[in-house]
Amino acid sequence: MVTQEQVGQMVEAAKAAAQNSYSPYSKFRVGAAVLTEDGKIIEGCNVENASYGLANCAERTAVFKAVVDGAHKIIAVVVYTPTATATPPCGACRQVLNEFGPTAHVICVCDSDDKVTTTVDQLLPGAFGPGNLASANS
Ligand code: THU
């Protein structure tokens, strides 16, 4: 359950994070914010590298930061891009979000009214997750 007030706070956190985006190669700024089970909002931005393939997306930065904070359950994620259309999480981010929030709300916003409102399980149906490994170890 995520309230509209929490979504508003997450959008502000994601917008602030996008300002710290390190994206000199793509020039594509992304900010994200995740809401943890205990109500904390943790933000992230994309972090690129001269070795292009090592770029880390904003969503994964936020999730990893949440884990450092001790959170293993994500209720919602907001993605913000300063663009005319909303940006959905990439495939790698969908997989990482599935680990900690398989039914999490996903809200993607931008600088127009365009918006994507969905859930992780809708974005990654039939996902591989922790349960698949558990069945091999029993
Ligand atoms: N990017 C994100 O941060 N999140 C996404 O879901 C899509 C892509 C970043 C990665 C890279 O720094 C830039 O956007 C262009 O792909």
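## A tour from the ligand outwards

Start by selecting the ligand and glutamate 48: one of the ligand's oxygen atoms sits 2.5 Å from an N or O atom in the side chain of that glutamate. That is a polar contact, meaning a pair of N or O atoms within 3.5 Å; within protein, one must be able to donate a hydrogen and the other to accept it, and residues adjacent in sequence count only if both atoms are side-chain atoms.

Before you click on, remember that this is a predicted model, where local features need pLDDT of at least 70 and side-chain atom pairs count only at pLDDT 80 or more, while totals for chains, interfaces and linings use all residues. Residues are numbered from 1 along each chain as its sequence is written, and side-chain values use heavy atoms, with hydrogens and water left out.

**Stop 1: around the ligand**

Now add glutamate 59, where an N or O atom of the side chain is 2.6 Å from a ligand oxygen. Cysteine 90 joins in through its backbone: one of its polar backbone atoms is 3.1 Å from an oxygen of the ligand. On its own the ligand would expose 380 Å², and the protein buries 79% of that (areas come from the Shrake-Rupley method with a 1.4 Å probe; for residues, only the protein chains shown count as cover).

Which residues are around the ligand? Select Ser26, Phe28, Val30, Asn46, Glu48, Cys57, Ala58, Glu59, Pro88, Pro89 and Cys90; a residue gets in if one of its heavy atoms lies within 4 Å of the ligand. This shell splits into seven nonpolar, two polar and two charged residues. Here Ala, Val, Leu, Ile, Met, Phe, Trp, Tyr, Cys and Pro count as nonpolar, Asp, Glu, Lys and Arg as charged, and the others, Gly among them, as polar.

**Stop 2: the loop between H1 and E1**

Stay with Asn46 and pick serine 21: their side chains are joined by a polar contact of 2.6 Å. Serine 21 is in the loop between H1 and E1 (helices, H or I with at least four residues, and strands, E with at least two, are DSSP runs numbered from the N terminus). Is serine 21 buried or exposed? With a relative accessible area of 8%, serine 21 is buried; buried means under 20%, exposed over 50%, and partly exposed in between, using a 1.4 Å probe and protein chains only.

Lysine 27 is found in that loop between H1 and E1 too, but it counts as exposed because its relative accessibility is 66%. Its phi is near 60 degrees, a positive value in a residue other than glycine. Most residues other than glycine have a negative phi.

**Stop 3: helix H1**

Select residues 4-18 for helix H1, whose 15 residues should span 21 Å at 1.5 Å a residue; the end C-alpha atoms are 21 Å apart, which agrees. (The expected span is 1.5 Å times one less than the number of residues.) Colour Val7, Met10, Val11, Ala13, Ala14, Ala17 and Ala18, which are buried in H1. Look down the helix axis: the buried residues of H1 fall within an arc of 170 degrees, so they line one face. The arc is that of the directions from the axis to the C-beta atoms.

**Stop 4: strand E1 and beyond**

Threonine 36 is in strand E1 (residues 31-36) and counts as buried at 2% relative accessibility. The side chains of threonine 36 and aspartate 38 share a polar contact of 2.5 Å. From aspartate 38, hop to isoleucine 75: their C-alpha atoms are separated by 9.4 Å, though the two are 37 residues apart along the chain.
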